[in-house]
Amino acid sequence: ESILLYHPVSGKNKKFSGIIKIMCEDNMFDYEKWLHTKTGRRGKTYDYLKKEKAERIFSEIEKIIPGFSNAIDKYYVSTPLTFRDYTGSPDGSAYGILKKFNKISETILPINTKFNNLYLSGQSINFHGLLGVSLTSLSVCSAIYGNKIIN
C-alpha cells in the first residue's frame, strides 16, 4: 500500500538526515490480543510483530532507495495501540475521530466554544487527519481576524 517517508536534513552540513519518519497504514485487528495492555508491557511476541512489520516496510523502501536498511542505526515502531495509549484516540487512529457523513453532527466538533475568544483547533476538530488540522487552524485564524482570511 502507501508509505510516507519524511526525511528532513539535519546537522551542520545539511546534506543528510539524522531522523527519518515513516508512516503507513496498519490494522488494529493485528493487535487484538494486546488490547488490554499498556505501552511497554506487551511482551516479546508483540515486539517481534513490530520488528517483522518494520523489516517489511524497510524492504519496500529498499526497492526505491538501495542501501536504506544498512544506513539505519536504530528505529522505534509505534502501532495503533501506541497511538491509543498516548493520544486516547479510539482504535488507535492517527487521524482522530472517523467522520460519519450520514451523522455529521455527531462527529464534527466546531471551532467555536461558548466562551468568548476560546477556539478549538487540531485533530478531531471540524475535519480529521493531517489536512484537517491545517484547515481547522486556518479557520481559527480566520475567526480571530474577523473572517477576513476565509469567507
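What follows is a short walk through the fold, its first helix and one unusual loop residue. The model is a predicted one.

Starting with the overall layout, the protein chain holds four helices and two strands. Along the sequence these come in the order β-β-α-α-α-α, so the strands precede the helices under the DSSP assignment used here. Of the 151 residues in the protein chain, 25% are buried. As for contacts between residues with a separation of 6 or more, 39% of them link positions 24 or more apart. The surface that the protein chain exposes comes to about 11,600 Å², and 58% of that is supplied by carbon and sulfur atoms.

Helix H1 takes up residues 44-64, which makes 21 residues. From its first C-alpha to its last, H1 reaches 31 Å, close to the 30 Å expected at 1.5 Å a residue. Its buried residues are Tyr46, Leu49, Lys50, Lys53, Ala54, Ile57, Phe58 and Ile61. A bit of helix geometry helps in reading that list: with 3.6 residues a turn, residues three or four places apart in an α-helix point the same way. As for what lies over these buried positions of H1, the cover includes strand S1 (3-6), strand S2 (21-24) and helix H2 (80-87).

Further along, Asn117 sits in the loop that runs between helix H3 (104-107) and helix H4 (129-144). The backbone here is a little out of the ordinary run of things to report: Asn117 is not a glycine, yet has a positive phi of about 65 degrees. Asn117 counts as exposed because its relative accessibility is 62%, and the cut-off for exposed is over 50%.

Note on methods. Residues are numbered from 1 along each chain as its sequence is written. This is a predicted model: local features need pLDDT of at least 70, side-chain atom pairs count only at pLDDT 80 or more; totals for chains, interfaces and linings use all residues. Side-chain values use heavy atoms; hydrogens and water are left out. Buried means under 20% relative accessible area, exposed over 50%, partly exposed in between (1.4 Å probe, protein chains only). Contact means heavy atoms within 4.5 Å. Accessible areas come from the Shrake-Rupley method with a 1.4 Å probe; for residues, only the protein chains shown count as cover. The expected span of a helix is 1.5 Å times one less than its number of residues.
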